Amino acid sequence: MRDLWMSLPATAQDAALALALVAPGLLLGLWVMRGLRPLPLVGAMLRRFSWVNGLFVLLIAVSVGLGVGLLAQERGLRQGSARAAEKFDLIVAAPGSEVTVMLASVYLQPSDMALITGAQYAEIAATEGVALAAPIAFGDSHAGAPVVGTTADFVTHLAGPLAAGRSFATAQEAVAGAFAPVDVGDSFTPAHGHGAMAEGDAHAGHAYTVTGRMAATGSPWDRAILVPVEGVWEVHGLASGHAPGTDRIGPPFDAEYMPGTPAVLVRATELWGNYALRSRFTRSDMMAFFPGTVLAQLHGLMRDIRSAMSLMAGLTQVLVALSVLIGLMILVRLIARSLALLRAIGAPLRFVFAVVWSYCAALILSGAALGLALGFVAARGLSALVTARTDVLVTAGLGWPELHLVAGFVSVTLLMALLPAWLAVRRPLLSDLRT
Amino acid sequence: MRAPDLRVEGLRVQSREGRVLLAIDHLALPGGQSLALTGASGAGKSTFLHVLSGLVRPHAGRVIWGETDIAALSEDARAAFRRDRLGLVFQDCHLFEELSALGNAALASAFAPRAARAPIRAAAARWLAGLGLGQAGARPVDSFSGGERQRIAVARALAGDPPVILADEPTAALDRANADALGADLVRLAQQDGRGLIVVTHDAGLAVRMTRQLRLADGRIAEDSHA
């Protein structure tokens with residue numbers, strides 16, 4: 001059985017799980033409603049107290065939507081952050097915190113870091129099996145966007161062919177990220193540093209001209225401005241990475257004239273080669289790591305938090321389900337007179353039971369469906385907010401986990417709705433009739 | 001369908017505190033007759049009607065419709081008896097406000113066996129027409145006057161073609177003209193098909209339309225008169 005389950009495609013497993021979760025509710029519905037036709041009466045009861053019923057549906061929808069939205073958002077954030085890191089095969093930097101280097105180089109969160117020297121870079125670039133060794137030099141900014149020094153090959157590696165214009169060909173040219181606040185043809189002087197601490201005139205006299213724009217990558221690099229690393233060294237008054245008199249940009253760099261770089265993106269000619277390179281560059285004077293692995297470790301760390309959150313979300317759903325139960329029992333009192341009439345004119349108890357259960361089911365299903373929609377909208381809204389704040393493209397949509405949550409919630413609450421239905425047929429007929 | 005005879009024997013109904021609400025030693029009503037239950041408020045008229053319809057189970061005694069002692073039946077069996085044999089009309093109509101006149105008159109079709117649903121709807125439409133509401137079947141009931149609403153309730157009671165109609169103060173909420181018209185309709189509809197009709201009423205005008213009047217006092221028969 002376990003082998004059969006494991007042999008199923010993931011989608012089939014998810015679909016089967018969703019079906020298993022919703023099945024108790026569906027089967028219960030079929031059992032309660034068998035041979036009966038309570039829906040016209042249920043419709044009348046729903047319309048009779050439409051405001052109260054609507055409010056109740058909204059309450060269910062908000063609680064379901066909250067759970068759905070948070071689940072979808074958490075997954076979207078995880079996928080978005082992983083997607084942003086997927087182009088960064090291997091990062092080599094001076095020894096220190098892998099997380100700090102990853103945040104700085106992948107997510108462009110500025111940080112003071114020791115540098116990889118020219119000699120170290122030369123060694124990395126010359127190592128057999130290295131297809132790309134791109135320096136990543138950050139520290140400057142313009143109009144809130146990071147200005148990052150690198151190579152034209154890195155631009156291509158990161159975003160593929162440019163969406164507009166051409167790549168930089170001199171140390172004074174720049175390529176804008178897809179959403180960077182500059183246009184092709186603009187010239188700007190970079191500020192030293194980032195944010196409120198940026199020194200706007202520190203690099204006065206130096207300017208870059210934007211010659212192209214990258215395609216969107218869904219990463220913080222979309223807001224960055226990429227310049228030749230020689231340009232970064234130049235505006236800081238350092239050597240250009242090439243022997244004096246050399247009039248070109250890009251690798252190979254002359255180790256003697258290379259000032260150093262905070263990080264180097266390394267890509268091996270073969271995928272497996274990255275592992276060998278990581279081992280080779282992990283030593284006392286430098287460190288190498290896979291950002292994807294560090295991210296997975298972070299996600300792993302967060303998994304415990306996520307588990308705790310899931311437990312809390314589960315408890316919350318239980319509380320919501322109990323609230324729904326109490327709410328339904330109160331709502332059933334509203335329709336007690338109609339139910340008493342049905343019993344008085346000869347409706348079987350099973351029919352009255354089915355009416356109450358269907359009434360509750362209609363509220364629960366409407367609330368759950370609306371909750372799914374609300375959750376979707378909330379996840380989209382939160383995604384837009386997170387994307388705007390972090391520049392990591394987060395696209396949270398509804399997935400199987402959300403459907404599982406809602407299917408489970410629906411089944412549990414439909415089962416719980418048996419209680420108000422059971423209580424309703426045990427209410428005193430005459431006193432309800434006289435109400 | 002022949003209306004069943006009614007026989008009541010040794011009937012006792014008490015309140016929770018033990019006060020006697022109803023004590024009727026013997027009553028016989030031949031099938032197809034009409035009976036008015038009169039008396040002061042609290043005399044036990046409605047309680048008697050509820051016992052006759054199986055809505056209240058007596059503490060002692062038998063209530064025999066034809067061959068069936070309704071007092072001895074289970075709750076579901078009493079409901080089935082009401083569904084098949086009794087048509088109930090209440091003082092304040094008890095209509096589903098969001099349903100049409102026809103939807104209310106044919107309410108029993110919602111829980112009737114599949115084969116009986118269409119006949120009930122057809123009968124409901126026929127009774128609405130017979131009560132002067134034939135053109136208004138599709139209208140929601142909240143657009144009807146009090147008299148019209150009570151006619152819809154009468155059509156609902158008749159839709160299942162019951163041999164007996166039990167009505168609890170059917171004209172109490174109506175003005176004189178409407179009360180008279182409804183009373184006349186009830187008697188006419190009962191008589192034309194040989195149905196039994198038992199009406200609880202304070203309305204002397206309605207009571208005199210019945211072939212027999214039973215005045216209750218303190219839960220006992222104080223006066224039994226025939227027209």
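Select residues 51–72 of chain A: this span is 100% helix and 0% strand, with its end C-alpha atoms 30 Å apart. Helices here are DSSP runs of H or I with at least four residues, strands are DSSP runs of E with at least two, and both are numbered from the N terminus. The model is predicted, so local features need pLDDT of at least 70 and side-chain atom pairs count only at pLDDT 80 or more, while totals for chains, interfaces and linings use all residues. Residues are numbered from 1 along each chain as its sequence is written, and chains are lettered from A and ligands numbered from 1 in the order in which they are written.

The span just selected is one of those that UniProt, in an unreviewed entry, lists as "transmembrane region"; the record gives 12–31, 51–72, 308–331, 351–379 and 403–425 of chain A. UniProt positions follow the numbering used here, feature names are shortened, and annotations may be inferred rather than shown by experiment. Move to residues 403–425 of chain A, where the chain is 91% helix and 0% strand and the end C-alpha atoms are 33 Å apart.

Next, show helix H2 (residues 10–33) and helix H13 (residues 400–416) of chain A, whose axes come within 8 Å and cross at roughly 20 degrees. Axes are lines fitted to C-alpha atoms, for helices over the stretch in contact, and angles run from 0 to 180 degrees between N-to-C directions. H2(A) and H13(A) are therefore roughly parallel to each other (angles under 35 degrees count as roughly parallel, over 145 as roughly antiparallel, 65 to 115 as roughly perpendicular and the rest as oblique). Residues of H2(A) that meet H13(A) include A:Leu17, A:Leu21 and A:Leu28, and those on the H13(A) side include A:Trp400, A:Ala407 and A:Leu414. Contact means C-beta atoms, placed from the backbone, within 7 Å. By class, this contact of H2(A) with H13(A) has 12 nonpolar, five polar and one charged residues. Ala, Val, Leu, Ile, Met, Phe, Trp, Tyr, Cys and Pro count as nonpolar, Asp, Glu, Lys and Arg as charged, and the others, Gly among them, as polar.

Now compare H11(A) and H12(A), whose axes come within 10 Å and cross at roughly 155 degrees. H11(A) and H12(A) are therefore roughly antiparallel to each other. Pick A:Leu339, A:Leu342 and A:Arg343 in H11(A), which meet A:Val352, A:Val355 and A:Val356 in H12(A).

For a wider view, colour chain A by domain: domain 1 is 11–84 + 303–434, and domain 2 is 89–290. These bounds come from an automatic or database domain assignment. The C-alpha centres of the two domains of chain A lie 52 Å apart. Their contact takes seven residues from each domain, and helix H4 (residues 50–85) gives the most on the domain 1 side, with three residues.

Centre on A:Pro251 and A:Pro252, which are joined by a cis peptide bond with omega about 0 degrees. A:Pro252 lies in the loop between helix H8 (229–235) and strand S10 (263–268) of chain A.

Turn to chain B, where UniProt, in an unreviewed entry, lists residues 6–227 as "domain: ABC transporter". That span is 35% helix and 27% strand, and its end C-alpha atoms lie 19 Å apart. Stop at B:Asp161, which has a positive phi of about 55 degrees although it is not a glycine.

Finally, show both chains: their contact takes 20 residues from chain A and 20 residues from chain B. On the chain A side, H3(A) gives the largest share, five residues.

Note on methods
Two residues are in contact if their C-beta atoms, placed from the backbone, lie within 7 Å.
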